[in-house]
Amino acid sequence: MIAITIDKAEVSKIYKSIDKYTHKGIQGHALLIGGSYGKIGSICLSSKAALKTGCGLVTAFIPKCGYDIVQISIPEVMVLTDEKDELISNINFEIIPQAIGIGPGIGQELPTQKAFNEFLKTNISPVVIDADALNILSLNKSWLKLLHPKTILTPHPKELERLIGKWSSDDEKMEKVIAFSKEYDLVIVMKGAPTHIIDGGIVYQNSTGNAALATAGSGDVLTGMITSLLAQSYEPINAAILGVYLHGLTADIALPTTGYQSFIASDIIENIGKAHLTLGN
Ligand SMILES: NC(=O)C1=CN([C@@H]2O[C@H](COP(=O)(O)OP(=O)(O)OC[C@H]3O[C@@H](n4cnc5c(N)ncnc54)[C@H](OP(=O)(O)O)[C@@H]3O)[C@@H](O)[C@H]2O)[C@@H](O)CC1
Ligand SMILES: Nc1ncnc2c1ncn2[C@@H]1O[C@H](COP(=O)(O)OP(=O)(O)O)[C@@H](O)[C@H]1O
Ligand SMILES: [Mg+2]
């Protein structure tokens with residue numbers, strides 16, 4: 001096993017500054033798929049985080065009940081809706097996104113499981129899989145074979161346990177995740193304090209972030225950030241590394257003004273610009 005610390009020196013090697021003559025068409029189009037009745041906020045957070053991380057265009061695919069919510073809270077984001085009001089039942093779109101993030105707030109209802117299966121069978125874009133989309137995979141483990149190489153999975157500890165089963169020590173957990181990553185050729189963002197990223201036999205350990213991130217929606221924001229970087233043509237492992245680093249850095253930057261208690265997921269989004277500025281333009 002090779003262990004690498006994700007710090008400023010490591011991230012500077014992969015960071016791409018913005019070309020003076022770029023335009024929104026070149027900056028990449030990210031599609032965020034998720035949300036259900038009562039959890040539209042998750043996709044608002046992911047979509048806004050994607051835009052603030054630098055991709056040129058963002059579309060959210062949500063159930064109908066979220067239409068006004070997303071359009072009013074983030075006018076920069078385009079919206080496509082499912083035919084159902086309260087959940088996603090048929091993931092159907094004509095745009096060609098450079099990256100897709102799927103799962104925040106999507107729920108695990110049977111029609112949503114079916115829609116996710118159909119999506120996995122037909123999708124051709126690089127993907128980040130999070131939250132309930134991970135839980136749906138755990139309920140249907142044979143679908144793991146449908147994932148393209150280097151698909152990014154972003155489980156928190158409970159989601160990870162549902163995917164790979166229980167462990168009795170940190171060493172055993174790492175062994176199991178490495179084996180899982182190798183078996184399906186996946187990039188695993190193993191969220192926690194600290195977050196590790198596992199790509200086969202290489203384990204990256206993040207150095208940014210703090211307990212202020214223990215707040216609702218902070219993972220939804222991370223999904224938007226990594227999807228945005230994928231859409232900007234970062235290789236999957238580099239999108240995961242840079243996304244996790246910047247996400248943690250926002251909390252380190254904000255902490256002196258927010259303290260741990262009042263920091264919320266929107267504060268991550270507010271501080272993405274300052275985090276970027278520590279690396280370049
Ligand atoms: N505003 C919105 O719309 C929001 C919508 N959201 C959406 O809600 C959906 C459900 O997602 P979810 O993660 O809340 O539920 P779930 O998978 O059951 O996991 C919870 C359990 O996991 C554990 N656990 C978690 N972290 C851990 C850690 N670091 N370390 C250790 N344990 C940890 C812990 O288990 P316990 O320790 O209690 O056994 C906890 O009870 C999903 O689609 C998501 O996107 C949310 O993002 C919130 C904002
Ligand atoms: N104590 C902590 N220290 C550092 N990072 C944390 C801590 N608690 C949570 N995080 C980070 O916050 C995020 C939480 O993700 P997740 O549990 O999916 O949140 P949600 O589903 O509410 O959006 C992860 O990136 C995790 O690493
Ligand atoms: Mg989550």
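**View 1. Here's L80, a residue of strand β4 (residues 78-81).** This is a predicted model. L80 counts as partly exposed because 16 other C-beta atoms lie within 10 Å, whereas buried would take 20 or more and exposed 12 or fewer. Leaving aside residues up to four places away in sequence, L80 touches T59, F61 and F93. Then there's I62: it sits 18 residues from L80 in sequence, yet the two C-alpha atoms are 6.5 Å apart in space.

**View 2. Now for ligand 1 and the 17 residues around it.** Coming nearest are K39, G41, S42, A131 and K158. Helices α2 (40-52), α5 (131-139), α6 (157-164) and α8 each chip in at least two residues of this shell. The biggest giver is α6, with three residues. Sort the shell around ligand 1 by class and you get five nonpolar, seven polar and five charged residues.

**View 3. Over to ligand 2, which also has 17 residues around it.** Here the nearest ones are H156, A193, L213, A214 and G219. Helix α8 (residues 218-231) hands over four residues, the largest share of the shell around ligand 2. As for class, this shell has eight polar, seven nonpolar and two charged residues.

**View 4. Last up is the stretch that UniProt labels "domain: YjeF C-terminal", residues 7-279.** The label comes from an unreviewed entry. Within residues 7-279, helix makes up 46% and strand 14%. The C-alpha atoms at the two ends of this span lie 11 Å apart.

Technical notes
Residues numbered from 1 in each chain as written. Chains lettered and ligands numbered in written order. Predicted model: local features only at pLDDT ≥ 70, side-chain atom pairs only at ≥ 80, totals over all residues. Near = placed C-beta within 6 Å. Nonpolar A, V, L, I, M, F, W, Y, C, P; charged D, E, K, R; others polar. UniProt positions renumbered as here; feature names shortened; annotations may be inferred. Contact = placed C-beta atoms within 7 Å.
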